[in-house]
Each structure stands twice: as structure tokens, then as C-alpha cells.
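Reader: I'd like a close look at one single part of this model, taken slowly. Could you pick a strand and walk me around it?

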Amino acid sequence: MSAIFKKANTAVITGGASGIGLALAQKCIGYGMRVLVADWDAQALGKAGETLGSAASTVRMDVSKLEDWSGLKDRVTKEFGGQINLLALNAGVSAKTAFDGEGADPAAFQRILNVNFLGVVNGILTLLPLVKEKATATTTSDYKAAIVITGSKQGITNPPGNPAYNASKAAVKSVAEQLSFDLRGLSNVNTHLLVPGWTWTALAGAGSGREKPEGPWTPGQVVDYLEAKMGEGRFWVVCPDNDVDEETDRRRMVWAAGDAVEGRPPLSRWREEYKGEFGEWMGRK
Ligand SMILES: NC(=O)c1ccc[n+]([C@@H]2O[C@H](COP(=O)([O-])OP(=O)(O)OC[C@H]3O[C@@H](n4cnc5c(N)ncnc54)[C@H](O)[C@@H]3O)[C@@H](O)[C@H]2O)c1
């Protein structure tokens, strides 16, 4: 079990009113933690507040707005005495983007980058000082903190079809790696990059009574996997799902990195002329 999930510890979770963030909030509450759920969706926040009960407080904010973060910081100071054991920078949006035709909308590019990327940066810039302050000031040797940043496989393998979302998640991965390196001297603060697989949430089409297909994991499965990998001290938390196993992900990631190393054109995995070679790579024992 991770040292983060334990009674009286605290969590701040953005995008915590729905999907993966809500499942993480439920996990924290289950361990007796106090949770601050930050989200933009007032209705979902209201429902989450009811579901989570009195151990959770809710904050309506837009993670892309730096000014909203100072309100959240005040709440953390007031309600948690500035203590954050788990900071989950998880809020994210998706919308179709493209370079021409449907999706060639500058506003969509900006919104996705602002929420998915700057939302994470704002969170680090605003709350990292609190995380570090407690972690360095505490005299308790078992005090631990973790920063979990939600990325995506789309930020690693870069499939065609949504340049803004992919770019935002590639940027998030880069920032998480930098943060992990910067915090290497603090032995009681870990950084984790949560890379969900296909997960059945509103962002992936759940809701309005739609039945869950076989392929996706539930948000609960994702946070159980996260907890296990956090317990192992892993930075990379690349989740499988019911369609894609861990070995498949490993091969896809190595192939993507191989485009640069081998001099193949970008996104070669999806190019007709590489289909055979890619298929052989995936099937190789
Ligand atoms: N569902 C998947 O298959 C999948 C796969 C890979 C990565 N992810 C990532 O997981 C994270 C969580 O998404 P989810 O799948 O649980 O979807 P979700 O839509 O259920 O949850 C996202 C939450 O973020 C909130 N949010 C959106 N914009 C916000 C803003 N500006 N400020 C504050 N809150 C905001 C939404 O209101 C929502 O409650 C996202 O970063 C997403 O990109 C999801």
C-alpha cells in the first residue's frame, strides 16, 4: 500500500467531480483522508459533494485561470493547514481539432492547451511551494507527499487525429518528467505520470445511459492501478485496458521513439508503407 493513502492525510484533486478524478477522491475518502475536489462543472461538483460526504470539500474553479488557483491555495491553507499529501493535477478536456476542415478552430486549440497543459503548470506553480514546505519542515519521518499528473498515451505515441489534445499531453509528460527530476533531492515527495488507457468516463463518451463497451477500464480500475504503482514508487503509471495489455503499450512506445532513431517519417505506425514492418514488430517474440 502507498504511504500516501492513509487516514488524516489530505488530497487536492482537480477534475475531481467526474471520472478518474472522482474515483481517486472516493479512494482517498475510503482511507479516511480529507479531500478538496476542484472542478469547473458546478452540477458535477454538487453531485460529487453528495457522493463523497463530509470528508470532502468542493471548489469551483477553472484550472486554466491562474487567479482561480490563489483561491484554492487559500482553501488548502485554511482547511488543511497548508498540508497536501496528494496533489492530483488531473482536469482535462478534449474536443476535435484539426489543421483544416472540421476542428480547424483556433479557440479549440487554445482551450485544450490552456486547460490540459497550463492547468497543470498553474497547479505546480501555485501549490508546489506548500507541498515542499511541509515535506521539508516535518519532523515525522513517515511524512510522504505525491504529485500525480494525468497525461495520456496520445502524448507519447501521438496517434493521428487530434493535434491539440496530443500536444497538450506531450507537454504534460515533459513537465512531469522535469518536475520529477527537480524533486529528486526530496526523498519524501514522489512525482507520478498517470497515463490512463481507454477509460469509461464522460471524456471518453460515457454518460446519457450509454452502455459501457468491453474495451475500456472503469475509473476505479485506473485508480487501483495507480495506487499499486505509487506503492512501488514508479513515475510511469501506464495503464492497460481490456483491449491493450502492458506489453502492447511497451512495443507501441518503443516503435514511436524509433521513428526518430531509425529515421522513419513521423507517425509511421499509421502509414500504409510501414504497416507490414510495424505488424512484424508487434508480433515479434
Ligand atoms: N477517459 C480516458 O480514456 C482518458 C484517457 C487518457 C487520459 N485521460 C485523462 O484523464 C483525465 C481525467 O479525465 P476523465 O477521463 O476522468 O474525464 P471526465 O470528463 O470524467 O473528467 C474530467 C473532469 O475535469 C473537469 N474539468 C474540465 N475542464 C476543467 C477546468 N478548466 N477546470 C477545472 N476542471 C475542469 C471536468 O468538469 C470533469 O469533471 C483528463 O486529463 C483526461 O485527459 C482520460
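Author: Let's take strand 5 and go through its cover, its partners and its crossover. A quick caveat: this is a predicted model, where local features need pLDDT of at least 70, side-chain atom pairs count only at pLDDT 80 or more, and totals for chains, interfaces and linings use all residues. Residues are numbered from 1 along each chain as its sequence is written.

Strand 5 covers residues 145-150; strands (E, at least two residues) and helices (H or I, at least four) are DSSP runs, numbered from the N terminus. It's mostly covered, with 6 of its 6 residues buried, meaning that 20 or more other C-beta atoms, placed from the backbone, lie within 10 Å of a residue's own. Ala145, Ile147 and Ile149 sit on one side, Ala146, Val148 and Thr150 on the other, and both faces are covered.

Now the partners; two strands pair if DSSP finds at least two bridges between them. Strand 4 (residues 86-89) runs parallel to strand 5 and is joined to it by 4 bridges. In that pairing, Leu86 stands opposite Ala146, one of the buried residues just named. Strand 6 (residues 189-195) also pairs with strand 5 in the parallel sense, over 6 bridges. Here His192 of strand 6 is opposite Val148.

Finally, how do you get from strand 5 to strand 6? Helix 5 (residues 163-182) completes a β-α-β unit with these two strands, and the unit is right-handed: with the strands pointing away from the viewer, the path from the first strand over the helix to the second runs clockwise.

Key. Buried ≥ 20, exposed ≤ 12 C-beta atoms within 10 Å, placed from the backbone.
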